[in-house]
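Here is a set of short exercises to work through with the viewer open. Try each task yourself before you read its solution.

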Amino acid sequence: MVFYRSVSLLSKLRSRAVQQSNVSNSVRWLQVQTSSGLDLRSELQELIPEQQDRLKKIKSEYGKVHLGNITVDMVLGGMRGMTGLLWETSLLDPDEGIRFRGLSIPECQKVLPAAKPGGEPLPEGLLWLLLTGKVPSKEQVNSLSQELQSRATIPDHVYKTIDALPVTAHPMTQFATGVMALQVQSEFQKAYEKGIHKSKFWEPTYEDSMNLIAQVPLVAAYVYRRMYKNGDTIPKDESLDYGANFAHMLGFSSSEMHELMRLYVTIHSDHEGGNVSAHTGHLVASALSDPYLSFAAALNGLAGPLHGLANQEVLLWIKSVVEECGENISKEQLKDYVWKTLNSGKVVPGFGHGVLRKTDPRYTCQREFAMKHLPEDPLFQLVSKLYEVVPPVLTELGKVKNPWPNVDAHSGVLLNYYGLTEARYYTVLFGVSRALGICSQLIWDRALGLPLERPKSVTMEWLENQCKKA
Ligand SMILES: CC(C)(COP(=O)(O)OP(=O)(O)OC[C@H]1O[C@@H](n2cnc3c(N)ncnc32)[C@H](O)[C@@H]1OP(=O)(O)O)[C@@H](O)C(=O)NCCC(=O)NCCS
């Protein structure tokens, strides 16, 4: 086993990693790279057979083990709380939040390579971690950065396809259309048409996924410049890392905005498998649709206001508060505004979650970023007031399971502060980041030979009959 070789090796690795990275004791375990190989694909080549054996063993030894009872509430409640998906890259704890391959966000901030000492993690490092379960060295991250740069070119027809849409089309529509247009280059589709053995599926999936991850920032930046900057595009800068180059192509050169983009892309990448975008990508790919088709489908789920579009909704809602009540709104006025929103049958965007039951650590790290870089910003101060005012109101409502803020409650005010003020565009940024998580899992889906997803559905009559019998 490379993932879990042996307890003694792991403890040696851990003590070395702690010394090397000055990691606090809060890091409970850590997989550091033992090889110095710079090629991510070769790392996977080594890992895949071991993980395939591991899955076979779980199936044969534990296949019949009960995982609890499924209730009618779960069937009718959007499958909440049902364990039904294998998702290797991350795991979400309701109280603690997300762990990427076992590492929490603060742990990732400590151990993943950064562009500058003490800075935010480089998304390429997170991608390496998601794919391999191991913390990469700075050299490996640099090598991956160059690999992504070398894959970052886009055929001309992609731009023409986007240009065929009205410039007023929603940015997510333009973005997903661009991703669909990229699909014509799918290596997986070509290989499948030629006839490829299923044991090799992961290889063209890897190629497509890496190309897609490399290319989505270019598509996203094109949409932004087309919509808001008269189509005046900015070429990529090969000297920059993934996050900084994305910010650069959007038109932002400040080093703080580059740091923000690194953090943003890192924390939005993955949130285990059951959320709408991740699940959609995984579901569509289970039919052996290639990564472009699967990711475009995932983006369409992300574009819903209860999911990724909430970041747009939050900033528009905050701006409507300011418009109606001014920036120096009192907590009492804010409370009234929240009730007004609820009484008009709307949700308070940026609050609540399908799984989390505490403040989202993705919110907390953005709050820390704001306290460090923009403590006096009036919109940040308003967001802080909302943190105090909204949870008691949602609790009073009596039905909301999690009154605390989620990732989307904070991202908009940071972007707005650095000049990215176009709220309708925000979900596209989320989409770029999600490519890292969804594509990483898609590679493992194919490497582990995960099957077609096909849950059982039932009718109300079937449920009534079952309940009567019970
Ligand atoms: C994220 C969200 C969709 C989770 O939905 P969920 O799992 O069904 O959440 P709950 O079980 O707590 O929902 C129970 C009830 O509380 C309501 N509720 C949950 N969060 C709410 C919020 N922020 N504002 C108002 N009502 C909310 C639900 O709409 C539901 O009402 P209903 O029974 O009348 O249909 C929900 O919290 C929400 O709509 N939040 C605002 C949008 C948002 O920020 N989305 C981004 C999530 S990362």
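**Exercise 1: The ligand**

Which residue has a polar side-chain atom 3.0 Å from an oxygen atom of the ligand? Then describe the other contacts and the shell around the ligand.

*Solution.* Keep in mind as you look that this model is predicted.

Step 1. Start with the side chain: the residue is Asn 406, with a polar side-chain atom 3.0 Å from an oxygen atom of the ligand.

Step 2. Now turn to the backbone. Lys 401 brings a backbone N or O atom to 2.8 Å from an oxygen atom of the ligand. At Val 348, a polar backbone atom is 2.9 Å from a nitrogen atom of the ligand.

Step 3. Ask how much of the ligand is covered. On its own the ligand has 850 Å² of accessible area, and the protein covers 75% of this.

Step 4. Look at the whole shell. The ligand is surrounded by 19 residues, and the closest are Arg 80, Gly 350, Phe 351, Lys 399 and Lys 401. Sorted by class, the shell contains nine nonpolar, six polar and four charged residues.

**Exercise 2: The sheet**

In what order do the three strands lie in the open sheet, and which are the edge strands?

*Solution.* Build the sheet one pair at a time.

Step 1. Take strand E1 (residues 90-93) and strand E2 (residues 97-100): they pair in the antiparallel sense over four bridges. One of the bridges links Asp 93 with Gly 97 in E2. Between E1 and E2, a hairpin makes the connection through three residues.

Step 2. Add strand E3 (residues 103-104), which runs antiparallel to E2 and is joined to E2 by two bridges. Here Phe 100 has Leu 103 in E3 as its bridge partner.

Step 3. Check the turn. E2 and E3 form a hairpin with two residues between them, and Arg 101 in this turn has a positive phi of about 45°.

Step 4. Put the pairs together. The order is E1-E2-E3 in an open sheet with antiparallel pairing. E1 and E3 are the edge strands, since each pairs on one side only.

Step 5. Here is a general idea to take with you: side chains in a regular strand alternate between the two faces of the sheet.

**Exercise 3: The largest cavity**

How many cavities of 30 Å³ or more does the structure hold, and which helix gives the largest share of the lining of the largest cavity?

*Solution.*

Step 1. There are four cavities of 30 Å³ or more. The largest cavity has a volume of about 100 Å³.

Step 2. Find its walls. The largest cavity is lined by 14 residues, with Leu 148, Gln 149, Ala 214, Tyr 242 and Asn 245 closest to its centre.

Step 3. Name the elements. Helix H6 (138-151), helix H10 (202-228) and helix H11 (242-250) each give two or more residues to this lining. The largest share, four residues, belongs to H11.

Step 4. Sort by class: this lining has nine nonpolar, three polar and two charged residues.

**Exercise 4: The second largest pocket**

Which residues lie nearest the centre of the second largest pocket?

*Solution.*

Step 1. Begin with its volume: the second largest pocket holds about 930 Å³ of space.

Step 2. Of the 25 lining residues, Leu 67, Thr 83, Gly 84, Leu 85 and Leu 86 lie nearest the centre of this pocket.

Step 3. Helix H2 (40-62) and helix H13 (276-286) are the elements that give two or more residues to the lining. H2 provides the largest share, with four residues.

Step 4. By class, the lining of this pocket has 14 nonpolar, eight polar and three charged residues.

Key. Residues numbered from 1 in each chain as written. Predicted model: local features only at pLDDT ≥ 70, side-chain atom pairs only at ≥ 80, totals over all residues. Heavy atoms only, no water. 1 Å grid on protein atoms, 1.4 Å probe; cavity = no way out; pocket = protein on both sides within 12 Å on 5 of 7 lines; lining within 4 Å. Points joined across faces, edges and corners; volume = space filled by probe spheres on them. Nonpolar A, V, L, I, M, F, W, Y, C, P; charged D, E, K, R; others polar. Pairing = 2+ DSSP bridges. Near = heavy atom within 4 Å. Polar contact = N/O pair within 3.5 Å; in protein donor to acceptor, adjacent residues only side chain to side chain. Areas by Shrake-Rupley, 256 points an atom, 1.4 Å probe, with all protein chains shown as cover.
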